[in-house]
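Subject: A structure to look through

Dear colleague,

Please find below the structure that I promised to pass on to you. I would be glad if you kept it open while you read the notes that follow.

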Amino acid sequence: MGGGAAGFFCAVNAARINPALRVTIAERSNKLLSKVKVSGGGRCNVTHACFDKVEMSKRYPRGGNFVKKLFHRFFTHDTIDWFKERGVGLKAEADGRMFPVTDSSQTIIDCLLRQADQYNVQIRMHCDIKSIEKLEDGFRLLTANNEELAASYVCIATGGFPKASMFDWLTQTGHSFSKPVPSLFTFNLPRHPITQLMGVSVPNALVKITGSKLQQLGPVLITHWGLSGPGVLKLSAYAARELAEKNWEFEAIINWLPEYNEQTLKEKFLQLRNDNGSVQLYHKNPFGLPQRLWEFFLKECNVPETSRRADLQAKPQNELVKKLTNYLFSVKGKTTFKEEFVTAGGITLDEIDSNTMMSKKLPNLFFAGEVIDVDGITGGYNFQNAWSTGWVAAHTIAGM
């Protein structure tokens, strides 16, 4: 159930491994593989070029130990090989994200649709399952149109549910879930002057949530509404539950020069002054920061535009050092990051066998993808979870 990445991967692999199975994908909407279509700006970030299972599992704020077991069954290299065997080559970019060599998500969609066609997987659109009833010889499924469907095995791959009430039909089967909260979101800074620098990015900054140990290192992008970029998105994932409890109103600190702290940066300013004190501060940015951001900090510290390094007084210098290493922001609200909407939460993992993806409560009922309490940071990790869970469920079903 579910015409997304996990549902398709389970369906086509089960049908391929065991041709005797009659496999049907039930999709509630009128679109198939919609997340695949829009992921990665329309290029589809299929997986991540990480080939160490332990290291890869650390990229999942929730469910890391669960996926580590899964990765022994189906891992990154298996994903690459699976698509390669079907004529779809993947390439790794500098940051490790992997895309089809065509740079088009349609390549992945077409591949999965071809597999569904080749192995006679039936696809039913506008098929919204409202309840599942376990019978002696299988399951009875009831749709929103009061149509009854029968199945020997059911794999639930509906994606993440943003509201707790949407799990009601699954709790009726005896399963429990972790409350869903948003993950992978950007930080809103209403009316903050730094938003005037929208489009400016810093390749590496350290972002922290005040009053906690939560922090992430990575690229930060200034937008017209606040802060985005991989560093912020990763932090939003690891802090998803804590920030939801705060109703997304909190304080964050950014060190724009993470190789320095306040003390070492003060020493660096002294060295710069001694080396070449005649250099004009506005004209020569010594730290590799974007020029617009550097000038923004200087103006915030009321440094005159004609100032040379030797002219910088102790008070504005200390203020500048603080802004560069401990810039405090008051965050009020979040914004979903483009198409990368991910929900933290889902079916409780101790109710699922990671070796089979079968429910421990209802035999022959399986789960795959984001409906379970696993979510990864941005960079292809959520799709790898979809492929791994879908494949393991398919392999189990096909062998039964």
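Two residues are said to be in contact when they have heavy atoms within 4.5 Å. With that in mind, Thr348 is a convenient place to begin, for, leaving aside its neighbours within four places in sequence, Thr348 is in contact with Ser176, Phe177 and Ser178.

Before going further, please note that this is a predicted model, in which local features need pLDDT of at least 70 and side-chain atom pairs count only at pLDDT 80 or more, while totals for chains, interfaces and linings use all residues. Residues are numbered from 1 along each chain as its sequence is written, and side-chain values use heavy atoms, with hydrogens and water left out.

The whole protein

The protein contains 13 helices and 21 strands; both are DSSP runs numbered from the N terminus, a helix being H or I over at least four residues and a strand being E over at least two. Its C-alpha trace spans about 85 × 40 × 35 Å along the principal axes. Of the 400 residues, 53% are buried, where buried means under 20% relative accessible area, exposed means over 50%, and partly exposed lies in between, with a 1.4 Å probe and protein chains only. Among the contacts with a separation of 6 or more, 72% are between residues 24 or more positions apart.

Thr348 and Asn188

To return to Thr348, this residue lies in the loop between β18 (342-347) and β19 (352-353), and it counts as buried because its relative accessibility is 19%. Asn188, which belongs to strand β11 (residues 185-188), likewise counts as buried, at 16% relative accessibility. The side chains of Asn188 and Thr335 are joined by a polar contact of 2.7 Å, a term for a pair of N or O atoms within 3.5 Å, of which, within protein, one must be able to donate a hydrogen and the other to accept it, and for which residues adjacent in sequence count only if both atoms are side-chain atoms. Leaving aside neighbours within four places in sequence, the residues in contact with Asn188 include Trp225, Ser330 and Thr335.

Pairs brought together from along the chain

Which residue has its C-alpha atom 7.6 Å from that of Tyr60? The partner is Tyr381, which is 321 residues apart from Tyr60 along the chain. Tyr60 sits in the loop between α3 (53-57) and α4 (64-70) and is buried, with a relative accessible area of 4%. Apart from neighbours within four places in sequence, Tyr60 is in contact with Val67, Phe71, Tyr238, Val374, Asp375, Gly376, Tyr381, Gln384 and Asn385.

Ala393, in helix α13 (residues 381-398), is buried with a relative accessible area of 0%. The C-alpha atoms of Ala393 and Phe366 are separated by 6.5 Å, although the two residues are 27 residues apart along the chain. With neighbours within four places in sequence left aside, the contacts of Ala393 are Cys10, Cys155, Thr356, Met357 and Phe366.

Helices

Helix α8 (residues 230-238) is largely enclosed by the rest of the structure, because seven of its nine residues are buried. Those buried residues are Gly231, Val232, Leu233, Lys234, Leu235, Ser236 and Ala237, and they pack against β10 (177-183), β11, β12 (201-209), β13 (215-222), β14 (226-228) and α9 (240-245).

Helix α10 (residues 262-276) and helix α12 (residues 314-325) pack at an angle of about 130°, with their axes 10 Å apart. That makes α10 oblique to α12. Here the axes are lines fitted to C-alpha atoms, for helices over the stretch in contact, and angles run from 0 to 180 degrees between N-to-C directions; angles under 35 degrees count as roughly parallel, over 145 as roughly antiparallel, 65 to 115 as roughly perpendicular and the rest as oblique.

Two positive phi values

Most residues other than glycine have a negative phi. Leu184, however, has a positive phi near 55°, and so has Asn302, with its phi also near 55°. Is Asn302 buried or exposed? Asn302, in the loop between α11 (291-300) and α12, is exposed, with a relative accessible area of 65%, whereas Leu184, in the loop between β10 and β11, is buried, with a relative accessible area of 1%.

With best wishes
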